[in-house]
Amino acid sequence: MWPYWILFLIPALPAVFANPMQELRADGTRSVKFGASWVLVLVALALMIGLRDRVGGDWFAYVRHLFEAETLTFAEAILLPDPAYNIINIISLKTGMGIVGVNLFCGFVFSLGLVIYARSMPRPWLALAVSIPYMTIVVSMGYSRQGVALGFASIGLVALGRQRLLWFVFWIFLAATFHRSAVVLISIPLLTMNFRNFRNLPILLIVAVLMYTALLEGKTDQFVEQYIDNEMQSDGAFVRLLMNVVPGILLVLFRKRFVVAKGERKIYLVMALLAIFSFGALVVGGLPSTALDRIGLYLIPLQVFVFSHLPNAFGRFDSQKQAVAFTVVLFYTVVLFVWLNYANFSHWWQPYRMFPPLDIEEAYNMTR
């Protein structure tokens, strides 16, 4: 399990001591431009995610999906659920890259979105450290399609924080072509909107209808059967939703302490309320845990946002801010330790392997 600890410790160590980004844009947000050190982070993340071999709970399912795409044409792929992911599978097969090509693409998109999102935070290294234990290791290495969707969604949230609504819709549309559950994020600008000003409402409603028609219509029964009728219970949903609700409550209770851009404040307050609602619905039992867990995946950036702002929100002096940052890092150290050693399905991630040695044909035979 040491590769996972190295992946976490690389950002965790500078997270405690690095100075916050002071330069702000005119709208109160931060520049997402990054230099050589962050390019190395991007490459390292993409390679570790993309070159993994038999790592992740759904790894063999994705291998099976790859070979099922062998008989598909591009026209057929577009008409199936998650069309962009199907097309990536076809291209990877035609170029001889196999599952490695698919995972490298997914890893790059996720990593790019994560780096851009982390760079938009006041403490980028702390933001990156917070994202490693679950957002990176569990989601991007375990659920490739949701990982890509989360990468695009992260870029979309940065755009939305700068009040660029159409760009946000564009990135969420791309996310939904890899996993249609990403459409839930369209609710965020709708809920943050001042309904006395209807200027943007028609655009959002039209886009929502188009996305539904393109991605969900005709597949709703399958979606309902999978997530509702079968009442699938997602293992660990309680813990994952709890991890979202903690920063959600902190933000709601202490929102005046968080110095953020005007556009960002509404976004993350809505996400905080959604996190609290999801956890409450899970505890009460009103909705299936898997459906709530899937929604919760797209609320994970809330953890990154809140905890990367926490040192400035609760520390007056540099020593206090470092203490808060250290506490956040310590918390996620415990999260990673507990997950690696005690989670029911963490054995699918251990040991960490990279390609080769397993021949891809052999991997496919193991799925049957």
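Mentor: Before we start: buried means under 20% relative accessible area. Keep in mind too that this is a predicted model.

Trainee: Got it. Are Phe152 and Phe178 buried or exposed?

Mentor: Use that cut-off on each of the two rings. Both fall under 20% relative accessible area. So Phe152 and Phe178 are both buried.

Trainee: What kind of aromatic pair do Phe152 and Phe178 form?

Mentor: Their ring centres are 5.9 Å apart, and the planes make an angle of 40°. Stacked needs under 30 degrees and edge-to-face over 60, so this falls into the remaining class. The pair is tilted.

Trainee: And how many residues apart in sequence are the parts that this pair ties together?

Mentor: Phe152 sits in helix α8, while Phe178 belongs to helix α9, residues 165–178. The pair therefore links parts of the chain separated by 26 residues.

Trainee: What about Trp167 and Trp171, which kind of pair is that?

Mentor: Here the centres are 6.3 Å apart, with 25° between the planes. They are four residues apart in helix α9, so about one helical turn separates them. At 25°, the pair counts as stacked.

Trainee: Is Trp167 buried, exposed or partly exposed?

Mentor: Its relative accessible area is 49%. Buried is under 20% and exposed is over 50%, so 49% lands in between. Trp167 is partly exposed.

Trainee: Moving to helix α14, what span does it reach from its first C-alpha to its last?

Mentor: α14 covers residues 262–284, which is 23 residues. At 1.5 Å a residue you'd expect 33 Å, and the model comes close to that. The span is 34 Å.

Trainee: Which helices do the buried residues of α14 pack against?

Mentor: The buried set includes Ile267, Tyr268, Met271, Phe279 and Leu282. Right after the helix, Gly285 takes a positive phi of about 90°. As for the packing partners, they are α6, α8, α10, α13, α15 and α16.

Trainee: Which helix gives the most to the largest nonpolar core?

Mentor: That core has 102 residues, and Tyr4, Phe8, Ile99, Phe168 and Tyr268 touch the most other members. The top contributor supplies 13 residues, and that's helix α7, residues 124–142.

Trainee: Where does Phe8 make contacts, leaving aside neighbours within four places in sequence?

Mentor: One group of partners is Ala129, Ile132 and Pro133. The rest of the list is Val329, Tyr332, Thr333 and Leu336.

Trainee: Last one: what pLDDT does the protein average?

Mentor: 84% of the residues score at least 70. Over residues 214–221, though, the pLDDT is below 50, and it stays under 50 over residues 227–233. The protein's average is 84.

Definitions and conventions. Residues are numbered from 1 along each chain as its sequence is written. This is a predicted model: local features need pLDDT of at least 70, side-chain atom pairs count only at pLDDT 80 or more; totals for chains, interfaces and linings use all residues. Side-chain values use heavy atoms; hydrogens and water are left out. Helices (H or I, at least four residues) and strands (E, at least two) are DSSP runs, numbered from the N terminus. The expected span of a helix is 1.5 Å times one less than its number of residues. Buried means under 20% relative accessible area, exposed over 50%, partly exposed in between (1.4 Å probe, protein chains only). Contact means heavy atoms within 4.5 Å. pLDDT is the predictor's confidence in each residue, from 0 to 100. A nonpolar core is a set of buried Ala, Val, Leu, Ile, Met, Phe, Trp, Tyr and Cys residues joined through side-chain atoms within 4.5 Å. Rings of Phe, Tyr and Trp (its six-membered ring) pair if their centres lie within 6.5 Å; planes under 30 degrees apart count as stacked, over 60 as edge-to-face and the rest as tilted.
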